[in-house]
Structure formats: structure tokens, C-alpha cells
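Got your viewer open and a selection box ready? Load the model below, and we'll walk through it stop by stop.

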Amino acid sequence: MQQLLYSRYVGDQIKSWLYKGKVIILYGARQVGKTTLVKEIMKDIHGSLYLNCETNQVHEILESRNMERIYTYIGNAKLVVFDEAQKIKEIGLVLKLIHDTWPEIQCIATGSSSFDLLNELSEPLTGRNIKLMLYPLSFSELKKNSHVSVLDERLEGMLRYGMYPDVVDRPESEKIVILEELASDYLFRDAFRFENLKHPETLNKLLQALALQLGNEVSLREVSRLLKASVDTIQHYLAILERSFILFRISSFSRNLRKELAKSQKFYFFDLGLRNSLIRNFNILSNRNDTGALWENFCIVERIKANQMNQRKANLYFWRTYDQKEIDLIEETQGKLFAFEFKYNPEAKIKKPLEFLQTYPESEFQVIHRENYYSFIS
């Protein structure tokens with residue numbers, strides 16, 4: 001099957017930064033379409049050069065830091081793409097040398113593990129780089145190719161199989177095979193080699209535990225007891241999973257009330273297909289008991305993508321009190337608070353969170369369900 005080529009919003013952002021004196025860094029999980037995107041950009045620029053940093057020849061030349069050799073290899077290229085740049089030792093220093101020596105050359109570096117790529121880039125390229133994140137496909141990107149009514153029909157599939165570019169347009173049997181491959185060590189290859197992890201099985205068990213607690217507050221002490229690992233180890237592995245773009249955390253919001261929970265956290269997955277593969281559950285929504293959690297995860301991650309697309313800066317939280325009052329998402333933007341509750345069923349009865357609205361009188365509240373979600377994730 002030929003994979004459909006979707007227009008990615010980050011592509012427009014990359015193009016807007018070309019030849020403005022910055023090294024462009026594109027990062028994200030494996031298989032989200034980084035290589036496809038940069039190769040599409042290269043088609044429109046005469047004199048582009050693609051370097052796969054996983055190949056021995058590229059690896060050896062760049063790590064030599066011999067500028068004469070590097071220039072001979074690059075030739076007269078006007079745009080150079082360093083794909084999987086984290087494979088090159090001290091890649092930030094290499095890119096700094098190229099950028100400072102030949103400022104007319106536009107460099108784009110891609111990477112699938114931020115703990116390697118960004119850590120090694122940050123200091124050498126201070127003031128010289130622009131960082132952009134590529135997620136799995138967004139609802140808005142799919143909407144470019146399909147009418148909203150068609151996407152409505154595919155909504156359940158998005159909650160079951162996620163939004164990876166190589167997954168969305170395949171038949172169900174093929175979706176499952178690809179997701180199972182991704183959920184194996186392929187997607188976590190960078191995490192497994194990071195600091196030579198001695199117990200990768202603990203990492204997998206941690207992912208499965210978080211997948212089963214989707215939408216719920218997570219107690220690291222309880223997880224450590226469950227996995228028979230120290231809290232420090234759990235925290236370390238969580239940091240790796242976040243830096244591998246597998247999951248992200250949202251912390252609790254607390255400003256005024258003494259009874260607001262101040263140190264709680266929830267974890268969500270960047271892709272629901274991956275999450276469902278980890279627990280081996282691709283059942284239809286009517287045959288599962290986690291539809292609410294799937295909907296909550298879907299809405300939050302699509303909101304994150306929409307915020308990036310619209311270059312809208314926002315802080316995300318959830319809210320809960322000791323007497324069990326809660327709100328799924330608090331978004332803080334431009335000094336204002338917006339509260340959201342997520343219910344897949346549009347007929348679900350929801351009471352307004354009066355205590356929150358009275359405590360933060362300038363805030364707004366909205367319920368997001370499957371009949372009004374378009375504007376929220378666009």
C-alpha cells in the first residue's frame with residue numbers, strides 16, 4: 001500500500017525559518033514523518049543534500065571535525081539535512097562549526113531522542129538554533145485531505161489506532177501489525193540504549209502500568225511498589241520516556257485553595273494506537289471501559305498539536321481538590337484560565353465546577369464532547 005502524503009504544519013514553520021541565520025532542529029518520535037517532511041522540503045530547494053547520520057561514511061566524516069573533508073563532502077550544497085543527527089557524537093559542536101564557517105549553508109538537523117539531540121545541541125548552538133517538534137498526524141492535518149464528516153466517521157479509529165502516518169490509512173489488520181512493531185523495542189530503541197539501561201523490562205512494565213492508569217493521577221510510590229523498583233528509578237525512566245516523545249505529564253493546578261492538590265500528576269500518550277498496543281486492546285469503543293480516558297487523552301494531545309500549529313503559548317494543568325472535585329484540563333494562556341471537561345457522550349450530564357469558577361472568577365468553562373470538539377482541536 002502506498003502511504004498518503006499529508007501536508008504538515010511544521011513544514012510551513014520550517015520554510016519560514018530557512019536562510020535566516022539559524023540551524024533548524026526538528027525532533028520527534030520515530031515514525032512520525034520527520035524524514036518524509038524534510039525530503040519534501042528539499043524538493044523545492046536546488047542544491048539540497050541529505051545526510052543519513054546512521055550510515056558509517058557520514059558518521060566518520062562528521063565526527064572527524066576536519067572542516068576541509070566536511071566541505072569537500074558537502075560540496076556546493078545550499079541546504080544540508082542531517083537526519084538522525086543524535087547519532088553523531090557532539091553533533092552540536094559539528095553544526096556550530098559548519099554554521100559559523102559557512103553561514104550561507106542552511107542546516108536542518110532531525111532527531112528522535114531529545115535527551116541526545118537537544119542536550120548536545122543546546123550549549124554549542126545557543127542563539128543559533130530554532131527547535132520544532134513533529135508529532136504524529138493531527139486532526140487538522142487529516143482535515144486537509146478529508147471532509148470533517150468523513151473524519152467524524154473515522155473518529156473511533158483514531159481513538160483505537162492512533163495517528164501515526166503509516167497507520168491512519170491502512171486496513172485494521174495492518175494497523176495492528178504496525179503498531180505492535182512500534183510498541184516493541186523499535187520505538188524505544190533510543191531509550192534502551194540511553195545510559196545502557198540494564199533493565200529494559202522495567203521500562204516496558206512501567207509503560208503498561210501507565211497505559212492502564214490513563215486519565216488517573218499516578219502515584220510514583222505505588223508504581224515503584226508494583227514494579228519492585230525504587231522511586232528514583234521510576235522517575236529516571238519516566239524522564240527517558242518523556243524525552244523519547246512516548247508520553248507527557250500534566251501537573252495539578254494550585255493557586256488559592258488550601259484543599260487544592262498541589263503535587264499530583266497525570267501521564268498521557270502522544271499516540272493512542274501505541275498505548276492500546278501496549279495493553280493489547282483494540283476493541284471497539286462499545287466493548288471497552290476506558291473510552292472516557294481515550295477521549296480525554298485524544299482531546300488533550302490534539303489541543304497540544306493545535307496550540308503548536310497556531311503558535312499559541314499555553315500552560316496545561318488538571319485540577320482536583322482533596323474532597324474529590326476535579327476538572328480534566330486547565331489551560332492558562334495570556335493570563336487567563338480556561339477549564340475543560342471531556343465527555344465522549346454529548347448527552348452526559350455535567351455540573352459546572354462552581355468552586356473553581358468562584359475561586360478564579362475570570363476563568364471560563366466548557367465541556368468537550370464528540371459533537372463540538374472541532375474548534376477545540378483546530
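Before you click anything, keep in mind that this is a predicted model.

**Stop 1: the parallel sheet**

Select residues 23–27, which make up strand β1, along with 106–111, strand β4. The two strands run parallel and are joined by four bridges. Put labels on Ile24 and you'll find Ile108 of β4 standing opposite. Leu26 also has a bridge partner in β4, namely Thr110.

Now turn to the other neighbour. β1 and β5 run parallel too, with five bridges between them, and here Ile25 stands opposite Lys131 of β5.

Zoom out to get the whole sheet. It is open and made of five strands, paired in parallel, in the order β2-β3-β4-β1-β5. The edges are β2 (48–52) and β5 (129–133), each pairing on one side only. From one strand to the next, the twist averages 15°.

Is β1 open to the surroundings or enclosed? Five of its five residues are buried, so the strand is largely enclosed by the rest of the structure. Show the side chains and both faces turn out to be covered: Val23, Ile25 and Tyr27 are buried on one side, Ile24 and Leu26 on the other.

**Stop 2: a helix with two sides**

Next, select 67–74, helix α4, and colour Met67, Ile70 and Ile74, its buried residues. They span an arc of only 60° around the axis, which puts them on the same side of α4. As a reminder, an α-helix has 3.6 residues a turn, so residues three or four places apart point the same way.

Spin the view to the other side of α4, where Glu68 and Thr72 are exposed. What do the buried residues of α4 pack against? Add β2, α3 (56–64), β3 (79–83) and α5 (91–101) to the display, and you have the packing partners.

**Stop 3: β8 and its partners**

Move along to 315–320, strand β8. Five of the six residues here are buried, so this strand is largely enclosed by the rest of the structure.

Bring in β6 (residues 247–252), which pairs with β8 in the parallel sense over two bridges. Ser252 has Phe318 of β8 as its bridge partner. Stay on Phe318 for a moment: Lys266 lies over the face of its ring, 4.8 Å from the ring centre.

Then add β9 (residues 326–333), which runs antiparallel to β8 and is joined to it by five bridges. In this pairing, Asn315 stands opposite Glu332 of β9. The two strands form a hairpin with five residues between them, and Gln324 in the turn has a positive phi of about 75°.

**Stop 4: Leu247**

Go back to β6 and pick Leu247. With a relative accessibility of 1%, this residue counts as buried. Skipping residues up to four places away in sequence, Leu247 touches Leu207, Leu210, Leu238, Leu241, Glu242, Phe267, Tyr268, Phe269 and Phe270. If you like a distance to check, try the C-alpha atoms of Leu247 and Ala211: they are 9.8 Å apart, with 36 residues separating the two along the chain.

**Stop 5: a buried glutamate**

Now for Glu296, which sits in helix α15. Is it buried or exposed? Its relative accessibility is 7%, so Glu296 counts as buried. Leaving out neighbours within four places in sequence, its contacts are Gly215, Lys266, Tyr268, Asp328 and Phe342. You've met Lys266 already, as the lysine over the face of Phe318.

**Stop 6: the rings**

Finish by showing the aromatics. The count comes to 20 aromatic pairs. One to pick out is Tyr161 with Phe282: the ring centres are 5.4 Å apart and the planes meet at 15°, which is under the 30-degree limit, so the pair is stacked. This pair links distant parts of the chain, 121 residues apart: Tyr161 is in helix α8 (residues 148–161), while Phe282 is in the loop between α14 (272–278) and α15 (291–309). Both Tyr161 and Phe282 are buried.

For a group view, select Phe139, Trp295, Phe298, Tyr344, Tyr373 and Tyr374, which form one aromatic cluster. One last click takes you to Trp17, where Lys20 lies over the face of the ring, at 6.0 Å from its centre.

Definitions and conventions: Residues numbered from 1 in each chain as written. Predicted model: local features only at pLDDT ≥ 70, side-chain atom pairs only at ≥ 80, totals over all residues. Heavy atoms only, no water. Pairing = 2+ DSSP bridges. Axes fitted to C-alpha atoms, helices over the stretch in contact; angles between N-to-C directions. Buried < 20%, exposed > 50% of the residue type's maximum accessible area, 1.4 Å probe, protein only. Phe/Tyr/Trp six-rings, centres within 6.5 Å; stacked < 30°, edge-to-face > 60°. Lys NZ or Arg CZ within 6 Å of the ring centre and 35° of its normal. Arc of directions from axis to C-beta. Contact = heavy atoms within 4.5 Å.
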